[in-house]
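User: Please take a close look at one helix of this model, and then at the parts of the chain that bear on it. I would like the burial, the contacts and any backbone irregularities in one connected account.

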Amino acid sequence: GAWLSRAMIEARMVDAPVLRWRPPAKDFVLWSDGLRKAEVYDWLTEHVLPLLLKLDPDLRSGFGQDFGRNGDLSVIAPFQILGNLTRRYPFLIELGDCPFDQQREILFYIGDRLPRLMAGKLDARGNGQYLAEKAMQRWGSRIEMVMLSQTWYRENTAHFKAAFEDGTIELPRDADILDDLRAFQVVKGIPMIPDVRTKGAD
């Protein structure tokens, strides 16, 4: 069975947007640097900046990022820590088939505008190591380059589940997020995401 129940996950979901971006053309990666930057900047200004401006400037912020390039999505998950220590994810970003440079630009745009940035954790496996390294160069020791392993899962999943049980996490209400969290399985006593491909609604 799934490690996190559907009821437990849905109880911690709130109305918050999931912003999805894909290149406007198949040859987008071949566009000039200036055109690619302008395209992404326009999208960020129109869709992401208004959400960033709504964040509480007095609260500490952070983000997590799971890297994907061709077959998988990249997901950027900013959060703020409320006074009662609830971690609220006011929105999520999903990037499909997004070139490396634009992933860096989008991450930097968001991270630079998060109030009181305290931490960021990035998937540092495979191609994700490039973006994780760039983030560490930009924000220093606040960044953790995460190498998923049995040890990492063992050290982190108990706290993660406790947030759902105690009501100290708020996530966007979204079917794909629900399915992703339901993918946890207990392997040799350790809750883990199995190394298999799944396909969401998009």
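Analyst: Helix H2 has as its buried residues Arg-36, Val-40, Trp-43, Leu-44, Val-48, Leu-51 and Leu-52. Buried here means under 20% relative accessible area, exposed means over 50%, and partly exposed lies in between, with a 1.4 Å probe and protein chains only. Helices (H or I, at least four residues) and strands (E, at least two) are DSSP runs numbered from the N terminus. The model is predicted: local features need pLDDT of at least 70, side-chain atom pairs count only at pLDDT 80 or more, and totals for chains, interfaces and linings use all residues. Residues are numbered from 1 along each chain as its sequence is written, and side-chain values use heavy atoms, with hydrogens and water left out.

An α-helix has 3.6 residues a turn, so residues three or four places apart point the same way. The cover over the buried residues of H2 includes strand E2 (18–21), strand E6 (92–95) and helix H3 (100–113). H2 itself runs over residues 33–53 and bends by about 45 degrees at Thr-45; the bend at a residue is the angle between axes fitted to the seven residues ending there and the seven starting there.

Arg-36, a charged residue, belongs to H2 and is buried because its relative accessible area is 8%. Leaving aside residues up to four places away in sequence, Arg-36 touches Phe-28, Val-29, Trp-31, Asp-101 and Gln-102, where contact means heavy atoms within 4.5 Å. Between the C-alpha atoms of Arg-36 and Thr-151, 115 residues apart along the chain, the separation is 39 Å.

Leu-51, another of the buried residues of H2, also lines a pocket. Leu-51, Lys-54, Leu-55, Arg-88 and Pro-90 are the residues nearest the centre of the second largest pocket, which has 15 lining residues. By class the lining has ten nonpolar, one polar and four charged residues. The space in this pocket is about 210 Å³. On a 1 Å grid over the protein atoms alone, a pocket is an open set of points where a 1.4 Å probe fits, with protein on both sides within 12 Å along at least five of seven lines, and lining residues have an atom within 4 Å of a point.

Arg-88 lies in strand E5 (residues 87–88). Arg-88 counts as partly exposed because its relative accessibility is 36%. Beyond residues up to four places away in sequence, Arg-88 touches Pro-78, Phe-79, Gln-80, Leu-82 and Glu-170. The C-alpha atoms of Arg-88 and Phe-184 are 21 Å apart, with their positions 96 residues apart along the chain.

Glu-170, one of the contacts of Arg-88, leads to helix H5, as strand E9 (169–172) is part of what covers the buried residues of H5. Those buried residues are Tyr-153, Thr-157, Ala-163 and Phe-164. H5 has a kink of about 40 degrees centred on Asn-156, and Gly-167, with a positive phi near 75 degrees, follows the helix.

Two further backbone points concern phi. Most residues other than glycine have a negative phi. Arg-116, in the loop between H3 and strand E7 (117–123), has a positive phi near 50 degrees. Lys-188, in the loop between strand E10 (185–187) and E11, has a positive phi of about 55 degrees and is exposed, with a relative accessible area of 78%.

Conventions: Points joined across faces, edges and corners; volume = space filled by probe spheres on them.
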